[in-house]
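The following note sets out some points for a colleague who is looking over this chain. It is arranged as numbered paragraphs.

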Amino acid sequence: MSIPEPYIALALQTVCDAVNADQTVETARERMARSLERIRMQILGSKRFIGADVRLVVLPEYFLTGFPMGEPAALWAEKAALEIDGPEYQALGRIAAEADVFIGGNAYERDPHFPGLYFQTSFVVAPSGETVLRNRRLVSVLSV
């Protein structure tokens with residue numbers, strides 16, 4: 001049996017620039033893109049500071065959008081829920097590959113198999129850029 005290589009996991013405390021105030025899907029997506037670029041720089045900077053042993057970066061819950069604050073479910077799904085393999089997941093994949101880390105996070109997500117719904121999804125993106133794990137919360141304290 002081989003002993004696994006040691007690694008460092010980083011719980012990255014980052015600011016959430018919530019999309020609640022955005023009036024359009026476009027402005028919400030632009031805000032998310034800016035957040036992802038800021039997070040990219042934070043991950044790369046953390047890896048340079050801590051060292052190459054950083055192999056897992058875990059982002060806070062709601063890191064990309066915040067949470068709904070009275071928005072109707074359909075509006076929140078359109079404005080804040082990510083598409084599977086959409087541009088935000090693609091950006092996370094590029095960041096994971098560039099930094100050579102696994103990235104764990106939590107986001108609202110739409111699934112074409114469940115039209116009209118969105119899920120709160122925890123995910124892991126591998127250094128290959130591929131999303132290798134999804135876990136969806138199926139019970140919520142909020143009614144839709």
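1. Rings of Phe, Tyr and Trp, the last taken by its six-membered ring, are paired if their centres lie within 6.5 Å. By this rule the count comes to 7 aromatic pairs. The model is a predicted one.

2. Tyr62 and Phe67 make up one of the pairs, with 5.5 Å centre to centre and 55° between the planes, and this pair is tilted. Phe67 has a relative accessibility of 42%, so the residue counts as partly exposed.

3. In the pair of Trp76 and Tyr108, the ring centres are 5.8 Å apart and the planes stand at 90°, so the arrangement is edge-to-face. Trp76 belongs to helix 2 (residues 73–80) and Tyr108 to strand 4 (residues 102–110), so the pair ties together parts that are 32 residues apart in sequence. Trp76 counts as buried because its relative accessibility is 0%. Tyr108 is also buried, at a relative accessible area of 6%.

4. Which residues form one aromatic cluster? The members are Tyr62, Phe67, Trp76, Tyr108 and Tyr118. Within this cluster, Trp76 is buried, whereas Phe67 is partly exposed.

5. As to the fold, the secondary structure comprises 3 helices and 6 strands. Their order along the sequence is β-α-β-α-β-α-β-β-β. Among contacts between residues at least 6 apart in sequence, 68% join residues at least 24 apart.

6. Is Ser35 buried or exposed? Ser35 lies in helix 1 (residues 25–50). Its relative accessible area is 1%, and because buried means under 20%, Ser35 counts as buried. With neighbours within four places in sequence left aside, Ser35 is in contact with Asp17 and Leu64.

7. On overall dimensions, a compact globule of 144 residues would have a radius of gyration near 15 Å, and the 16 Å of this chain agrees with that. The C-alpha trace spans about 50 × 35 × 25 Å along its principal axes.

8. On the surface, 42% of the 144 residues count as buried. The accessible surface of the chain is about 8400 Å², and carbon and sulfur atoms account for 60% of this area.

9. Lastly, the charges. The chain carries 14 positive and 18 negative charges, and the mean positions of the two sets are 3 Å apart.

Methods: Residues numbered from 1 in each chain as written. Predicted model: local features only at pLDDT ≥ 70, side-chain atom pairs only at ≥ 80, totals over all residues. Heavy atoms only, no water. Helix = DSSP H or I, 4+ residues; strand = E, 2+ residues; numbered from the N terminus. Rg over C-alpha atoms; globule rule 2.2 N^0.38 Å. Buried < 20%, exposed > 50% of the residue type's maximum accessible area, 1.4 Å probe, protein only. Contact = heavy atoms within 4.5 Å. Areas by Shrake-Rupley, 256 points an atom, 1.4 Å probe, with all protein chains shown as cover. Lys, Arg positive; Asp, Glu negative; His and termini not counted. Charge placed at Lys NZ, Arg CZ, Asp CG, Glu CD. Phe/Tyr/Trp six-rings, centres within 6.5 Å; stacked < 30°, edge-to-face > 60°.
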